[in-house]
Structure formats: C-alpha cells, structure tokens
Amino acid sequence: MRNHRFELMTDLTELGVAALRDGVAGGAFTATEVAHAFNAAVEAAQGALNAFIVTTPDAALAAAGKVDEARAAGQPLGKMAGVPIGMKDLFATKGVQTTAASKILEGFVPPYESTVSQKLWDAGAGMLGKLNLDQFAMGSSNETSGFGNVISPWRKGGDTTPLAPGGSSGGSSAAVAARIAPAATGTDTGGSIRQPAAFTGISGIKPTYGRCSRWGVVAFASSLDQAGPMARDVRDCAIMLEAMAGFDPKDSTSLDLPVPAWEAGLNADLRGKKVGIPREYRVDGLDADVAKSWDDGIAWLKDAGAEIVDISLPHTKYALPTYYIIAPAEASSNLARYDGVRYGLRDLPEGANLQDMYAATRAAGFGDEVKRRILIGTYVLSAGFYDAYYTQAQKVRALISQDFMTAFETVDVILTPTAPSAAFALGQKSTDPVEMYLNDVFSVPASLAGLPAMSVPAGLSRDGLPLGLHVIGRPLDEQGVLNAGLALEQRAQFSAKPGKWW
Amino acid sequence: MSSYRIQGATGEWEVVIGLEVHAQITTQAKLFSGSATAFGAEPNTQVSLVDAAMPGMLPVLNRECIRQAVRTGMAIEAQINTWSRFDRKNYFYADLPQGYQISQLYHPLVGEGAIEIVLDDKNPEGSAKVIGVERIHVEQDAGKLMHDQHPTMSYVDLNRSGVALMEIVSRPDMTSPAEAGAYLTKLRQILRYVGSCDGNMDQGSMRADVNVSVRRAGEPLGTRTETKNVNSVRFVMAAIEHEASRQVDVLEAGGKIVQETRLFDPGTGTTRSMRSKEDAHDYRYFPDPDLLPLVLDQAFLDECRASLPELPDAKRARYTDVLGLSPYNAAVLTADVDTAAWFETLITASAAKQGKDEAAVAKQAANWLTSELFGALNKLGKGLEDSPVSPTSAAELLALVGDGTISGSIAKQVLEKMLETGDGAAAIVEREGLKQTTDTGAIEAAVDAVLAANADKVEQYRGGKEALFGFFVGQTMKAMAGKGNPQLVNQVLKAKLG
C-alpha cells in the first residue's frame, strides 16, 4: 500500500456520515478504504477507551465490499452506503455476541437481527463492533457495564482524570467523539442518547416513541425505550434516523407511518417559529456554565428568527420520581427472562433446585445497579404498594404529557439544557444512585411523554468540557427538532474535539 | 331444583361452587406469536423466538384469538368490552420463559354473561338454572415440565408456551356436583358450537379450577379452596364431592378451612393441599407495555355476531317446537355440535328423498338415529364421527321404510348389513330379497296357518284374552320372515279372528 493511502485513511476518520456517503457515491474513496480506516482507529483506541465489547472488523469490510461492488455495477446505493458504524450492544445482531453489557448474557449469540440494525445494514452501513453501555442501559456514566467502564476521550484541560462518557450509550458517544466511528446507534429510555451526546460534544436524537422498532432490542423499560442515532452533527443524525425508522409489524407499539425525508427537509430558518423556555427547568443552583450555554442557545434561536416564549411545564419536578417508578417496574418484569433456563449464564450450585439456580444465576449475572432497579420495580408493583406507586406514577406521567401538549399549543419546540452539568469523573457519582439519577432531570420528561428530543453541542464549560443543548418537539415533529438543532449548530460553531491521548 | 346437602354429624351443609375454566382457543397460531398449536407435536418443535422469550422479542396479538373469544362471549350473551387491555402476571417458573404470563386482570375482553343449565333432559323447563359468568379473559398458556425423563433433571417442552386460552370465570352459583357437571358440559357444548375451543378435555384443551366452600343454610359464604386443573366432568364432580365432605369434616371437628390451592388425584378421587395463601405468589400484575390497549370496532363486532351459528338452546327449542321432537331426543341430538350437524344432514336428505318437508321426516329420523344407529354404533364401539353409514345412505334407508318397501324391523337388519358391508340400503334390500310383502293372498295364507296351528290360543282370544293379538302378529311376521306389511297383517288377523 502506498504512503498517501495511509494519509487518506487517517483523514477519512475525520469525516461524518454525509461526507462518507457522498465520497463513496462520488468515487472519492471506496467504502473498503473507509472501513479499513475506521477498523484501524477502533483497534488503536480500544485498549484506552474500552468503547467496544466486541469489534467486528470483518463485518465492516464485508459490508463495504458489497457497497463497492454495487457501485461498480452501477446499482443504486442506500442511505448509509459505505458508512461503518458502531452498534450499541443492546441491539441483537445475528451471529455476533449480544450482551446488553451484562455478564448474564455473556457469550449469547442471537440467531436473529434486530429490525433497526437490519435496516441500517440494508441501507449499506457496516458494523465496526458492538458498543459498550451501561448494563441493560441502566446508568448515566457507563460505570454499570459488566465489561468495564468506557473512558471518555475528553479530558479536562491539563488533567488526566478519566471522565464519564455519559450513559447509557457511553460506548456510542465515546466512539463518535473519538472519531473511531462516524456514527453509532443509541437507545434512550430516560436520556441515554442525549446525555452522553452532550457529555462528548456530539449530536443525538431520540425520535418519537414508536418511530424505531424495538424488535430485537434488549428491553429495559418497554414504554420508554426508543432507538436513535448518535453522530457528529445534525445532518448525520437526520440521515441515519431515516435509515433506522419505520413501521415494524413485529413491534405492536411501532407507528404505522411513512418515514419523512428529514435530511431533505433540513432548514435552519426559524422565522415564524416559537421556542418555549420552560421556567421550571431553571432550577435553583443550576450550574453557571449550563445556565450560560442555555442563554446562548436562546440568543441563537432568536437570531435564527424564532420568537422566544416563556412557558410553564408545572409537573416537571415530579418527572424524575415518576420515571424511577415506571422504568424499574417495567425492567423488573422485562429482566425476569434472564433466569438461566434457556440461554446466557446458568449458575447451578451443587444440589441446587430451580429456585436456588434462579437466585445463584441472577446474583452472579446482574450488576448492582440492575439489581437495585429490579428491587425497586418489584417493590413498586407488589401488593399493597401498586396503587401508591405505579398507579400514581402513571397518572403523573399523563399530567406531564399534558403539560407538553398544552405548551405545544403555543410553541413549536422547547429549548432546555441537556444535562445539569458537563461530564463528571468516573467514580464521582457511582456511590450515590440518587445523585446519578439527577443527571436525567432534563431529559426524562420528554421520555415520559414519548416526544422527539435531541442534544446538540453548544460549547465548552470553563473546564473545557462539552455542554449540550436540548430541543424537545411535538409528537412526530422530528423535523422541527432537527431544524432547531441545525440552527443551534450553525451558530454554536462547535469544532472542539478531544485531544488524542490514546 | 337440586337440593344437594351434605349430612354432617351436626346437621346439613350447603356447598357453594364456582368454576374457572381454561379453554384453549382453536387457532392455527399462538396468542402472541406465529407458532403452530397442533397437539402432540414433538417437544419444542412449535416454539418461536417469542415463545422462548429470547432477548428483545415482542408479542404481537393474533386477532383470530380475540375474534373467537368475542364470539364465545356473544354466545353467552355477555358484555363485550370494546376497550380491554393485557396485563403481565409475574412469577418465576421453568415452564414460563418470559417470567410473566400475559393475561387480562384489570380490563378483560368479555364481561358479565350467563349460561343456562338443564339438570333433567326429560324436563328441561322444570330443571333449568341460570349460572352467572363473571368474565372471560384471554391469556397465554405455559409450557410443560417433564420430571420423569431424567434422574436429576426436569425437561421443558415449550410447545404449549404462548398458546391462547380463554379463562371463563363463573359466579359461585352452583350448589351441587351435578350442577357443576351440567355447567361444564353446557359450556363445552357452547364452545364446540361456536368453534372457539375443541373441548378435548383429555388433551388438556379444557380444564377447570374448582372453587368449593361449604356453609350451613342461611349462613354467609365459607372460606373456599381452589382445586387446580381438573380435566374431566366426572373428575370435577368427584373433586367437589370429596372437597365438600372434607371441609365439613374439618369444620365439624372444630377446625378451620384454609384458603389454599389443592390438587385432585384422579386415582383416589381425593384432593390434597398444594400451597396455602401464605405461600401464594404476589403476581405484581401491571399493564403490558409491549402491547397497546385492544380496541374493537363495530364492524369487527358485527362480523363476530354474524358468524355465530345457531346455538344449542335455540337449536333444542327448534327441534321440539318446529320439528316436533321429544325434549329428550332434542337434548340428545343437540348435545354435541357434530351430532346435530349429522342429524340435520340426515333430515335434509330424507326430506329430499321422500318428497316431504323436514318437519315431516324429523321425528322418524330422530327416533331411528337415537335408538337404532346409536345402539348399533355403540355395539361396534364406534362414535357417530366414525360411523360407516353416512347421513345420505341413512336417508336412503329411512326412505325405504317411509314408502313401505321395508318394515321397521327389516330396517334393523338392513342397517346391520350396511354397517357390515358399507353397501347402500336399496342394494341390500334387493340382494337379500327383504322387500315387504303387500300380497294379501300370501298374508292370508300365513295367517291361516298360524291360526290353525294355535287353535287353543284362538279360543282364548275369542274368550276375551285380547292381549294375545300381539302373539298372532308376531307369529305371522315370523312365518313371513318379517316381510309382511304390518298394517295388512293386522287387518287380515282382525278380520279372521272376528
């Protein structure tokens, strides 16, 4: 291989989804060259970042080879043709270990492919590997993974303290931020796409609940789980979301609606649009950097032509407790299937009966945070507590949705910070679960209401760490969310990236 | 009305019974997956990724199961809930891959309905009782554990896992084993008419949880026990009998009935404790977030109703009121949907062959079917479903009786030959020369010979012993090998005996 080819390969990892897709389609480089470049970057970073649970360089090359052949044969290319991506290890991938970052599924190789991942492969994307995450997507820092922390590629200026990449899609955020993947899938139950995107200076969108099929995605909380893309910028998110979304008869909660042409519909001109600023999100003691970034965002959207409207979402303060009842309740039931009987880990102590086997298997296979949420969920559903917790939480959930619907009678989108702070150090919050849960305070309400919401990079904190702005839209109005995100992106001019220390 | 009482040492006790019947819905596919449901398949050959609860798998409702449950609800005049919802019932067991059963606790598909039972088929109106049905909900069946295949391990067969069941919950309206038996029989009859369940109790398609309590007359309800998975009408009745007297014994000895789940042992006809309320699971029911609420529109309901067949009660009323059958025959012929269908094919064919309307041939056909064919098949150890004689060939036989070609007694012989050979009635009559004789000369000759040979009896008859007339008829028919036309034989005998 000639020398300049090596140069090209390095440069290719700087490109995002649109640039790679267009470059492959236009013949500037081949999909195979792209795959080689990212495979090499993945390998170089894996020891330091631990972003992947397994890497699949051959899968990336195979997909790229098909794209190159199709192009050579003059066949039409898919929306993601030639773009290798990271796949969060919550999506079942046929023939490739799928673990949800839990030891209870270590070695589990599904004989089936999730709908979303299949759609991406059908669109011409290739798989670099299965990305690390918080175990069963439960966490906000990636510290609950059964396969080790993901280390954020970001560091505070002049400091080598390992930082959290956010969670639960921390492998995804770290990989995209470190330029070892141009894009990655994420899933978002209470903020698991948006908070890690904010922590690592990338973009990520959680579409309306029901846009992306949940079939083949390891379930955490079924009424909240939703897949979405994580990428360098808004356009890349739009492209990838088009490839991921769509009705799936195998998921009863999937929306039977056509997928809009979000990329073609991108438009940062917000004249005539109204942006709501919910006063309840301006909490006491809001981090000064976060508050400033929010104010910047308001100014940028005004600059883009939008009218800024003060709104109220009165039930906001109940969102977090409501979420931490509903999500664990569903999880406690969803995770019952990991029982050692049919697949995954089985711990069968000498002389054990069925109950002993269940207890031993689940004790050994689940991490502490997963156990904590199963316990919470079991508790809130148990006889005598169900009405006080679960039923009450469902009522509050309806009120939170109603708050948003009322606001959307006046405004088109809502702007908030994505997370209450920039990335924190690994270990800083892992001993206090409630402190960790508070990270989701701004992202959870939109999850409970099933609304589309995205995080875009807004700037850096005083410590030089990324901050995200959060746009929430009406049901099915991903376009409005993406457009507001684009307006922010154009004005934020966010170009910072982590220095390569690995 | 039944007045079943248990005679205890201290007095009389009443029994209060409610049944929860699990009926497997007759469909090709399971409730939430596309897997097949055929009985008797090799273990674990009808298991989809959903049934095995693989990670990330999701349930998708099979609308046909809902349709059958709605039709069943309509057949018992029940409230159909156009908005219902599925809940998860959470517990761990090796036959339950998901760790929860998808069922309907809070908002069942079918609400309040009723089933009328008849305790005496000969007196349907006088012995009828209405049993309330509280609800019908739809749920998944579990798999099957086999503990006898290996010394230390249990084997799991997931073929049944996810199969659709209706749980039909009665009110505690039954007060005797006979009523419970009649209720279960009637329910099975309705399900088979509707086609929503094949009612094969020996294959587990239908099984009952039996709730029993006892009390002294006029007292409030006693504590009940629930005997699980009883799989025949006879066993249900036996379980109630045993359980009720056991409870009386306990109470009369100064003990208390513990609310518990019990098992019935068909070998001994007794029940034994399985688990008490203290050990009962906390099922942590909550709405299944993988499924949307089930909303039924009017067009769907209309189709369900339009597709209902004539139901047992209506059919039985028509058989007595329009076809003129006896209440007993009507009950026997409507007891099973296949019997009724056989009978109706028979009368349609008979009416066509004899050029009469159905009401005119129905009685003859009903009598023949219930007394002749059932009896003959019984001897052969066969049921109507595997009868060698089809309704159309039976109609041919009945037409030969109807037009006087053969007599009723010859018809019996012909039927035997038909069952033996599979040949048609007319062909057998022709071949065997069984045609009835209407030749008056031959009959007169036979009568003369009989009277001559029995002069003493003729004397007695003429002396007033008229009961001997039957003897002369019999002797004449015997002499004519059964082929004499009975009316003519009667006429000639009457004339000659004076």
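Modeller: Two strands pair if DSSP finds at least two bridges between them. Helices (H or I, at least four residues) and strands (E, at least two) are themselves DSSP runs, numbered from the N terminus. The model is predicted: local features need pLDDT of at least 70, side-chain atom pairs count only at pLDDT 80 or more, and totals for chains, interfaces and linings use all residues. Residues are numbered from 1 along each chain as its sequence is written, while chains are lettered from A and ligands numbered from 1 in the order in which they are written.

Colleague: Start with chain A. What is its radius of gyration?

Modeller: Chain A has 16 helices and 11 strands. The radius of gyration is taken over C-alpha atoms, and the globule rule is 2.2 Å times the number of residues to the power 0.38. For 502 residues the rule gives 23 Å, and chain A comes close to that, so it is as compact as a globular protein of that length. Its radius of gyration is 21 Å.

Colleague: What percentage of the residues in chain A are buried?

Modeller: A residue is buried if 20 or more other C-beta atoms lie within 10 Å of its own, exposed if 12 or fewer, and partly exposed in between; C-beta atoms are placed from the backbone. The C-alpha trace of chain A spans about 70 × 65 × 50 Å along its principal axes. Of its 502 residues, the buried share is 60%.

Colleague: How many bridges join strand S5 of chain A to S10(A)?

Modeller: S10(A) covers residues 453–460, and 6 of its 8 residues are buried, so it is largely enclosed by the rest of the structure. S5(A), residues 203–206, runs antiparallel to S10(A). One matched pair is Ile205(A) with Met454(A). The number of bridges joining S5(A) to S10(A) is 3.

Colleague: Which residue takes a positive phi in the hairpin of S10(A) and S11(A)?

Modeller: S10(A) pairs with S11(A), residues 466–473, in the antiparallel sense over 7 bridges. Leu460(A) has Pro466(A) as its bridge partner. Between the two strands lie 5 residues. The one with a positive phi, near 80°, is Gly464(A).

Colleague: Which residue in S6(A) is the bridge partner of Thr187(A)?

Modeller: Thr187(A) belongs to S4(A), where Ala183(A), Thr185(A) and Thr187(A) on one side and Ala184(A), Gly186(A) and Asp188(A) on the other are all buried. With 6 of 6 residues buried, S4(A), residues 183–188, is largely enclosed by the rest of the structure. It pairs antiparallel with S6(A), residues 226–231, over 6 bridges. The partner of Thr187(A) is Ala227(A).

Colleague: Now chain B. What radius of gyration does it have?

Modeller: Chain B has 15 helices and 16 strands. Its C-alpha trace spans about 90 × 55 × 50 Å along the principal axes, and buried residues make up 41% of its 498 residues. A compact globule of 498 residues would come near 23 Å, but chain B has 29 Å.

Colleague: How far apart are the C-alpha centres of domain 2 and domain 3 of chain B?

Modeller: Domain bounds come from an automatic or database domain assignment. For chain B that gives domain 1 (6–303), domain 2 (310–432) and domain 3 (440–497). Where domains 2 and 3 touch, each gives 4 residues to the contact (C-beta atoms, placed from the backbone, within 7 Å). Their C-alpha centres are separated by 31 Å.

Colleague: How far apart are the end C-alpha atoms of helix H1 of chain B?

Modeller: The expected span of a helix is 1.5 Å times one less than its number of residues. H1(B), residues 63–75, has 13 residues and should span 18 Å. Its buried residues include Cys65(B), Ile66(B) and Val70(B). The end C-alpha atoms agree with the expected span, being apart by 18 Å.

Colleague: Which residue in S5(B) stands opposite Arg88(B)?

Modeller: An open antiparallel sheet of 3 strands in chain B has the order S5-S4-S15. S5 (100–103) and S15 (286–287) are at the edges with a single partner strand each, so one side of each is left without a neighbour in the sheet. S4(B), residues 87–90, pairs with S5(B) over 4 bridges. Opposite Arg88(B) stands Ile102(B).

Colleague: How many residues does chain A give to the contact with chain B?

Modeller: Chain B gives 25 residues. That side has 17 nonpolar (Ala, Val, Leu, Ile, Met, Phe, Trp, Tyr, Cys and Pro), 4 charged (Asp, Glu, Lys and Arg) and 4 polar residues (the others, Gly among them). From chain A the number of residues is 34.

Technical notes: Contact = placed C-beta atoms within 7 Å.
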